[in-house]
Amino acid sequence: MKKYQGYLFDLDGTVYRGREPIPGAVALLRQLKASGIPYMFVTNNSTKTPEDVAQTLTAMDIPCTAEDVITSSMALAGYLQEKHPEAKVYVIGENGLWTAVREAGFTVTANKPDYVAVGMDRQLTYEKLAEACLAIRGGATFLSTNPDVALPTERGLLPGNGSITALLQVATGVTPIFIGKPEPIIIRQALERLGLAASDVLMVGDNYQTDILAGLRAGVDTLFVQTGVTTAEELAKVDEPPTYTVASLAEWRL
Ligand SMILES: [Mg+2]
């Protein structure tokens with residue numbers, strides 16, 4: 001097995017399940033920390049800031065600082081900085097997206113924005129959708145943090161950002177640019193932050209359709225762990241399998 005110089009981890013289903021840390025993952029992360037092998041957490045959750053995520057992980061005894069986290073909101077802001085550093089942006093989203101866009105120096109406005117940036121918003125209103133729709137119809141580029149249609153919660157599966165995005169897509173006839181997994185944009189930004197080449201890094205995740213596909217598209221080797229959403233039966237049917245598969249991260253040797 002190849003020795004990797006850096007690791008990328010998905011969160012839910014990989015590192016923890018809901019509020020419960022997954023022991024094999026915690027042990028592996030502590031071992032990576034002790035060995036000086038850098039890692040980053042790559043999450044499609046657009047509502048949290050990296051500080052929020054680091055706090056959650058630290059409370060689970062997982063070594064993590066805000067610098068070890070990249071969210072789809074941060075990746076969206078990074079994408080905007082690359083494409084159009086002076087852009088005016090209309091935002092639908094929660095604190096994670098607002099903070100990322102503002103900290104990157106962008107003006108947030110409904111007045112003739114260059115971009116519409118859409119992330120998960122549990123205070124979504126018709127008026128917010130109306131402003132976004134008019135801006136996109138007026139020529140603003142339509143960005144969405146992530147395509148996850150359903151959001152797992154204690155109540156069951158609730159509408160996720162992919163559903164909010166789909167409404168705007170239907171309303172405008174415009175297909176958005178997605179930033180989060182399975183798009184490679186977020187993985188490339190994580191590699192940049194690690195300062196490592198794609199060939200030296202391993203992407204670890206439980207969801208074939210997001211984590212593993214993102215790794216494949218970014219040219220990063222992938223480790224599929226069977227502690228989350230994709231089942232062994234589903235994995236057996238995919239065209240392009242992950243580089244490695246384990247039942248639990250307790251099996252993985254550095
Ligand atoms: Mg997951």
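This is a short chat about some helices in a predicted model.

Q: What kind of model is this, and how are residues numbered?
A: The model is predicted: local features need pLDDT of at least 70, side-chain atom pairs count only at pLDDT 80 or more, and totals for chains, interfaces and linings use all residues. Residues are numbered from 1 along each chain as its sequence is written, and side-chain values use heavy atoms, with hydrogens and water left out.

Q: How many residues are in helix H6?
A: Helix H6 (residues 161-172) has twelve residues. Helices here are DSSP runs of H or I with at least four residues, and strands are runs of E with at least two, numbered from the N terminus.

Q: Which residues of H6 are buried?
A: Asn161, Gly162, Ile164, Thr165, Leu168 and Thr172. Buried means under 20% relative accessible area, with a 1.4 Å probe and protein chains only.

Q: Where do they sit around the axis of H6?
A: The buried residues fall within an arc of 160° seen down the axis, so they line one face of the helix. The arc is that of the directions from the helix axis to the C-beta atoms.

Q: What follows H6?
A: Glycine 173, with a positive phi near 75°.

Q: Now H1. Which residues are buried there?
A: In H1, Gly24, Ala25, Val26, Leu28, Leu29 and Leu32 are buried.

Q: And what follows H1?
A: Glycine 36 comes after H1, and its phi is positive, near 70°.

Technical notes: Expected span 1.5 Å × (residues − 1). Buried < 20%, exposed > 50% of the residue type's maximum accessible area, 1.4 Å probe, protein only.
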